[in-house]
Number of protein chains: 2
Amino acid sequence: VSAGEAAWLAAVVSGLGAAVSGEGVLRGIGDDAAVLALPAGESLIATVDMVVEGQHFERRGPRAATPADIGWRALAVSQSDIAAMGGRPLWALSSLGVPDGMTAAEVEALCAGLAEAAAAYGTAVVGGNLARNPERLVLDVTVLGAARRPLSRAGARPGDLVGVTGRLGAAAAGLALLRGGERLRAACGAAAGECLQAQRRPQPRVAEGLALGALGPQGVRAMCDVSDGLAIDLARLCGGTLGAVLWREALPVPAAVRAAAACAGEDALQWALHGGEDYELLCAVAPEAASAAPRAVARAGGALHLIGEFTATPGELRLAARRGGRGGPLPASGWDPFA
Amino acid sequence: VSAGEAAWLAAVVSGLGAAVSGEGVLRGIGDDAAVLALPAGESLIATVDMVVEGQHFERRGPRAATPADIGWRALAVSQSDIAAMGGRPLWALSSLGVPDGMTAAEVEALCAGLAEAAAAYGTAVVGGNLARNPERLVLDVTVLGAARRPLSRAGARPGDLVGVTGRLGAAAAGLALLRGGERLRAACGAAAGECLQAQRRPQPRVAEGLALGALGPQGVRAMCDVSDGLAIDLARLCGGTLGAVLWREALPVPAAVRAAAACAGEDALQWALHGGEDYELLCAVAPEAASAAPRAVARAGGALHLIGEFTATPGELRLAARRGGRGGPLPASGWDPFA
């Protein structure tokens, strides 16, 4: 390793700290490839997500994220994909395209944030790569996991209930507060903190996903995470053969999100339906598991809300005020990086 | 999937073609994560490599690579890392940062090149991600493999022979010919084609790596690939506890490389020692396996050359004219992206 590369590698290694080792890591960073022991009887699951400065986050200006938040987020969004399969995110490989002017200290802080998310959800960082991307920071994180019975997006049936973990709209509220500047954040008071934290440090629902996966095919038939927005991700679970109706009153929109919406002159419901980046789990719960599924998630320390029902009408999403209502059409719109 | 993203995804899917399925692929592209079946009794191996336009390749100007060559290369360099562990590169996940002005047809051609490398070495593309990186094309490819007994960089002993597969210096010759322009390439005649091909389409030595791994710890004790240059990668195999002496006359420098060097007024030996990007396998062969190892690689359709010997002098690299000579110091220099 030459002097130029060595300084960067030292920053990465220092930032990652203890996150380089963990369950099943036979050989980690430092060889041509990592060597990993998959738990017996489990399937390997693998996902990758690339985030780019200016598109997924900012490093400068009023909406700037800290290096540590950028690192946390880049890993958390892929841990969430593993959680959405009912798996454990065991290992990560992380590539970093370092822009001109980014210091070794910033690289170290970014890796420390990544290591925090790794430690929080039982992930070891077993590989990585550094390159130069002069104009902007790029992170690409692959996460490998293990699951006994990986869930899929396909499998929902008419009459299944729509389940969602946690809360909706907080990440979109946080983004609006970032965009709105210091004055808006001050005006929102305490509500701002919760929403900004949801945007900066998404919490992949790993324990919830494991609890839902453990219910078996008679409990949860299909699952994904809410990355692009509730409506568009729900349309993906419908998969061209089903429709769904959501019950507005059942949507878990926290008080802080409603308060932030009131402050910002925005609509909390739109954030919850189309905002995206909540990284909650969205699933099809068999009617027989309508009590068992929320109980299982509660035992895992989370919350599962039943917010609607799958129907037999292909491609039709509707929003009703409450259970039993017919409601009106719900557009399957969300966040589109190429729009 | 919205209209904006859908057009790009269609190009990717069309380019990848049949490469999306393969051995052990239980579920490929299209869900939150891929589901993979690791062969029983084998360890999982994982590696990632990021390549960036302007640093690792060019899309414009006299040194421009075609989209298909860029795709081939981005996968091949990571397949080579798996080969260096004695493993089979079973699965790949590929992230693409698409720059402004790159067309869907170019994305499709790039994915088709990636699919060619996938098919050539038994790899299925099971995941991916698209983002926008306005100023330049970025590819980040993770490759997952399986090996019964993964080799490591560590383990060489004094008296072990230095083995290298294939040929050295061809990729550096190709790069010099790209830099030298059309006139130099024309002057070099037939030699140019072979060297340019080595630069554009590196051939990971998967079959060779499997054959070397199968010899067991009494045959090959340590292995890596030649990515940054023979001398610097050899220094890594020495790992701070050993030294090595190389035998100049034994280095496999093909006639085309010597011809290109003569044409370009460069030194073929320097290309072979410090040029990098050859993606050959470099290994420590136990003295008892000095005949068996080259025979095993020949049976696999390749070639293994014994080009030197590990010594007990930590950090000392030397270059001698031939076996038995003491020679002079060899600097452990190579390609450094951060220099």
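Before I turn to the chains, one definition: a residue is called buried when its relative accessible area is under 20%, exposed when that value is over 50%, and partly exposed in between. With that in hand, and bearing in mind that what we are looking at is a predicted model, I can say that buried residues make up 60% of the 339 residues in chain A.

Let me stay with the overall form of this chain. Its secondary structure comprises ten helices and 13 strands, and along the principal axes the C-alpha trace of chain A spans about 65 × 55 × 35 Å. The radius of gyration of chain A is 20 Å, which agrees with a compact globule, because a globule of 339 residues would have a value near 20 Å. As for how the chain folds back on itself, if we take the contacts in chain A with a separation of 6 or more, 84% of them are accounted for by residues 24 or more positions apart.

Turning to the surface, chain A exposes about 11800 Å², and carbon and sulfur atoms supply 53% of that area. On the charged side chains, the count for chain A is 29 positive and 33 negative, with the centres of the two sets lying 7 Å apart.

How are the two chains related? Chain A is superposed on chain B by a rotation of 180° with 0.0 Å of shift along its axis, at an RMSD of 0.0 Å. The two copies are therefore related as by a two-fold rotation axis, and the same surface serves both of them, since 100% of the contact residues of chain A recur in chain B.

Now two local details, beginning with a helix in chain A. Which residues of helix α6, residues 206-214 of chain A, are buried? They are Val206(A), Glu208(A), Gly209(A), Ala211(A), Leu212(A) and Gly213(A), so the list includes a glutamate. Following α6(A) we find Gly216(A), whose phi is positive, near 80°.

The second detail is in chain B, where Leu75(B) lies in helix α2, which covers residues 67-83. Leu75(B) counts as buried because its relative accessibility is 0%. Leaving aside residues up to four places away in sequence, Leu75(B) touches Ala92(B), Leu114(B), Ala117(B), Ala118(B), Val141(B) and Val143(B). To take one of these partners, Ala117(B) is 42 residues from Leu75(B) in sequence, while the C-alpha atoms of the two are 6.7 Å apart in space.

Terms used:
Residues numbered from 1 in each chain as written. Chains lettered and ligands numbered in written order. Predicted model: local features only at pLDDT ≥ 70, side-chain atom pairs only at ≥ 80, totals over all residues. Heavy atoms only, no water. Helix = DSSP H or I, 4+ residues; strand = E, 2+ residues; numbered from the N terminus. Rg over C-alpha atoms; globule rule 2.2 N^0.38 Å. Buried < 20%, exposed > 50% of the residue type's maximum accessible area, 1.4 Å probe, protein only. Contact = heavy atoms within 4.5 Å. Areas by Shrake-Rupley, 256 points an atom, 1.4 Å probe, with all protein chains shown as cover. Lys, Arg positive; Asp, Glu negative; His and termini not counted. Charge placed at Lys NZ, Arg CZ, Asp CG, Glu CD. Least-squares fit on C-alpha atoms with pLDDT ≥ 70 in both.
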